[in-house]
Amino acid sequence: MKSISFALATALACAAGTVSAHEPSQHATKPAAPAMDPAMREAIAVVEQFGTALKAADMATVTRLLDERVLILESGGAERSREEYLGHHAISDAAFLGGATITPKQRSAQVYGDTAWVGSESEIRAGQGKDAKTLLSTETMVLRRVSGAWKIVHIHWSSRPKKAGAP
């Protein structure tokens, strides 16, 4: 089920919004969101571009965003380079994601100089009829900035079936 785990993690790469716990009064003004560090915004954009490209089977963009020595961990397995990933699971991951509906749930990110991590959670719905499944997915991507451009150097994807009746 490597492609399912990857797909779930990729779903997390999509942006997730924050929801307020209460509605503001009619006369209240909404406080401004805290300013996001431009480097963090750039790292998140790379993660989002990667997820969009993989879902669209745009392997040229997937290739450009992955470091050649990327380490991808998923379902107890490992792919230790961009070429290994592209030669094995990227096509099946793209096929799975291409037919899936991805709902982002949460995203966190931090930047430390030229290193960043982006953690995402999402829900993925795939298949139809008796083959339909809903998965809860988590994804962590570590990025490194080289010559001003962020590259994905590590991905960890994890997923599990969503239990019936769970939010």
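This report describes the fold, the nonpolar core and selected residues of a predicted model.

## Overall architecture

The protein contains 5 helices and 6 strands. Read along the sequence, these elements follow the order α-α-α-β-β-α-α-β-β-β-β.

The chain comprises 167 residues, of which 38% count as buried. Its accessible surface amounts to about 9500 Å², and carbon and sulfur atoms account for 55% of that area. When contacts between residues at least 6 apart in sequence are considered, 63% of them join residues at least 24 apart.

## Nonpolar core and helix α2

The largest nonpolar core consists of 36 residues, and Phe 50 and Ile 152 have the most contacts inside it. The greatest contribution to this core comes from helix α2, residues 38–55, which supplies 9 residues.

Helix α2 is 18 residues in length and extends 26 Å from its first C-alpha to its last, close to the 26 Å expected at 1.5 Å a residue. The buried positions of the helix are Ala 39, Met 40, Ala 43, Ile 44, Val 46, Val 47, Phe 50, Gly 51, Ala 53 and Leu 54. Phe 50 thus appears both among the buried residues of α2 and as one of the residues with the most contacts inside the largest core.

Both ends of α2 show local features. At its start, a side-chain oxygen of Asp 37 comes to within 3.0 Å of the backbone nitrogen of Ala 39. Just after the helix, Ala 57 adopts a positive phi of about 60°.

## The β3–β4 hairpin

Strand β3 and strand β4, the latter spanning residues 115–126, are paired in the antiparallel sense over 11 bridges. One of the bridge partnerships joins Thr 101 to Arg 125 in β4. The hairpin has 2 residues between the strands, and Gly 113 takes a positive phi near 65° there.

Ala 109 is located in strand β3, which covers residues 101–112. Ala 109 counts as buried because its relative accessibility is 10%, below the 20% limit for that class. Leaving aside neighbours within four places in sequence, Ala 109 is in contact with Met 40, Ile 44, Trp 117 and Val 118. Of these partners, Met 40 and Ile 44 are buried residues of α2, so that the contacts of Ala 109 link β3 with this helix. The C-alpha atoms of Ala 109 and Thr 140 lie 9.5 Å apart in space, with a separation of 31 residues in sequence.

## Strand β6

Strand β6 spans residues 149–161 and includes Ser 158. Is Ser 158 buried, exposed or partly exposed? Its relative accessibility is 35%, and Ser 158 therefore counts as partly exposed; the class lies between the 20% and 50% limits. The C-alpha atom of Ser 158 is separated by 6.6 Å from that of Ser 75, although the two residues are 83 residues apart along the chain.

His 154 also lies in β6. A polar atom of the His 154 side chain is 2.9 Å from the backbone oxygen of Leu 71. When residues up to four places away in sequence are not counted, His 154 touches Val 70, Leu 71, Leu 73, Thr 140, Met 141 and Val 142. Leu 71 is accordingly a partner of His 154 both in the list of touching residues and in the approach of the backbone oxygen to the side chain.

Methods: Residues numbered from 1 in each chain as written. Predicted model: local features only at pLDDT ≥ 70, side-chain atom pairs only at ≥ 80, totals over all residues. Heavy atoms only, no water. Core = buried A, V, L, I, M, F, W, Y, C linked by side-chain atoms within 4.5 Å. Buried < 20%, exposed > 50% of the residue type's maximum accessible area, 1.4 Å probe, protein only. Helix = DSSP H or I, 4+ residues; strand = E, 2+ residues; numbered from the N terminus. Expected span 1.5 Å × (residues − 1). Polar contact = N/O pair within 3.5 Å; in protein donor to acceptor, adjacent residues only side chain to side chain. Contact = heavy atoms within 4.5 Å. Areas by Shrake-Rupley, 256 points an atom, 1.4 Å probe, with all protein chains shown as cover. Pairing = 2+ DSSP bridges.
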